[in-house]
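Here are my notes, as numbered points. Please keep the structure open while reading.

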Amino acid sequence: MLTKLLLGRPTVVWHGLSVSYSARHLSTGQSFGMSRVITQEDVDTFVRLTGDSNPIHSTTAADGSAPNSKHAADKAVIVPGMLMASMFPAIIGSSFPGALYLSQTLKFRRSATVGTPIHATVTVSKLSGSRVTFDTVCRDSEEQVLVDGTALALINPKSDPTSTTTPDAVPSS
């Protein structure tokens with residue numbers, strides 16, 4: 001797993017070569033993945049967009065003021081589980097341009113703190129025409145499962161597997 005930070009900004013690392021896939025070129029067991037380090041800026045943006053004001057996702061007090069106690073200043077900020085889980089549709093949508101994400105089940109196993117390298121993988125578990133079921137999992141750098149579940153996507157069976165978009169999620173190594 002590779003994760004990079006360039007100039008303090010997160011960089012998503014896609015594994016392998018840049019290619020797109022169609023449903024007809026898939027087989028069960030095939031995996032696609034991406035890695036990233038989620039920053040406090042990422043969490044703050046997610047919190048602002050979703051309205052999730054749970055203080056476990058912030059370094060500030062509930063009223064928006066700066067923390068005024070040593071305990072508050074030293075607390076670890078928890079990455080929202082849905083922010084980690086959003087890596088799954090990013091992988092599928094980038095690997096299969098035009099894919100429709102139909103459903104997702106999630107189990108939140110462990111929390112991750114800001115700055116933790118996170119690796120997301122989707123693995124083809126079932127093929128039914130253009131409907132593809134994926135096993136989904138996010139792991140930390142110690143390979144502990146953070147979030148897992150299954151996703152169902154409608155993949156265009158006629159898409160050109162040689163076309164590319166940037167960035168593409170590709171087979172995970």
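1. Which residues in the largest nonpolar core touch the most other members? They are M84, I92, I118, F134 and C138, out of 29 residues in that core. Several elements give two or more residues to this core: β4, α1 (40-50), α3 (81-85), α4, β6, β7 and β8. Bear in mind throughout that this is a predicted model.

2. Confidence comes before detail. Mean pLDDT for the protein is 78. A value of 70 or more is reached by 68% of the residues. Strand β1 (residues 4-6) has the lowest confidence, with a mean of 32. The highest belongs to β8, at 98.

3. Two stretches call for caution. Residues 1-19 have pLDDT below 50. The model still gives that stretch 61 contacts beyond near neighbours in sequence. Residues 160-170 also stay under 50. There the model has 39 contacts beyond four places in sequence. Where pLDDT is low, predicted coordinates should not be read in detail.

4. C138 deserves a look as one of the core residues with the most touching members. Setting aside residues up to four places away in sequence, C138 touches M84, M87, F88, I118, H119 and A120. On the same terms, C138 also touches Q144, V145, L146 and V147. M84 and I118 are themselves on the list of residues that touch the most other core members.

5. Is strand β4 (residues 31-37) enclosed or open? Seven of the seven residues of β4 are buried, so the strand is largely enclosed by the rest of the structure. Both faces are covered. One side carries S31, G33, S35 and V37, and the other carries F32, M34 and R36. R36 is buried along with the rest.

6. What does β4 pair with? Its partner is strand β6 (residues 117-128), in the antiparallel sense, over seven bridges. M34 stands opposite A120 in β6. A120 also has its C-alpha 5.4 Å from that of G33, although their positions lie 87 residues apart along the chain. G33 sits in β4 and is buried, at 0% relative accessible area.

7. The aromatic pairs come next. There are two in the structure. In one, the ring centres of F32 and F96 are 5.5 Å apart and the planes meet at 65°, so the pair is edge-to-face. This pair links distant parts of the chain, 64 residues apart. F32 belongs to strand β4, while F96 is in the loop between α4 (87-95) and β5 (100-108). Both F32 and F96 are buried.

8. The other pair joins F96 and F134. Their ring centres are 6.1 Å apart with planes at 50°, so this pair is tilted. It too links distant parts of the chain, with F96 in the loop between α4 and β5 and F134 in strand β7, 38 residues apart. F134 is buried, as is F96. Ring pairs thus connect F32, F96 and F134 into a cluster. F134 is also among the core residues that touch the most other members.

9. Is D148 buried or exposed? D148 counts as buried because its relative accessibility is 18%, and the cut-off is under 20%. D148 lies in strand β8 (residues 145-154), the element with the highest confidence. Its side chain makes a polar contact of 3.0 Å with that of R109. Apart from residues up to four places away in sequence, D148 touches T105, L106, K107, R109, T136 and V137.

10. Q40 is another case close to the cut-off. With a relative accessible area of 19%, Q40 is buried, since the limit is under 20%. Q40 lies in helix α1. Beyond neighbours within four places in sequence, Q40 is in contact with H57, S58, T59, V77 and V114.

11. One backbone angle should be checked. Most residues other than glycine have a negative phi. E143 has a positive phi, near 70°. E143 lies in the loop between β7 (131-140) and β8. At 48% relative accessible area, E143 is partly exposed.

How values were computed:
Residues are numbered from 1 along each chain as its sequence is written. This is a predicted model: local features need pLDDT of at least 70, side-chain atom pairs count only at pLDDT 80 or more; totals for chains, interfaces and linings use all residues. Side-chain values use heavy atoms; hydrogens and water are left out. Helices (H or I, at least four residues) and strands (E, at least two) are DSSP runs, numbered from the N terminus. Buried means under 20% relative accessible area, exposed over 50%, partly exposed in between (1.4 Å probe, protein chains only). A polar contact is a pair of N or O atoms within 3.5 Å; within protein, one must be able to donate a hydrogen and the other to accept it, and residues adjacent in sequence count only if both atoms are side-chain atoms. Contact means heavy atoms within 4.5 Å. Rings of Phe, Tyr and Trp (its six-membered ring) pair if their centres lie within 6.5 Å; planes under 30 degrees apart count as stacked, over 60 as edge-to-face and the rest as tilted. Two strands pair if DSSP finds at least two bridges between them. A nonpolar core is a set of buried Ala, Val, Leu, Ile, Met, Phe, Trp, Tyr and Cys residues joined through side-chain atoms within 4.5 Å. pLDDT is the predictor's confidence in each residue, from 0 to 100.
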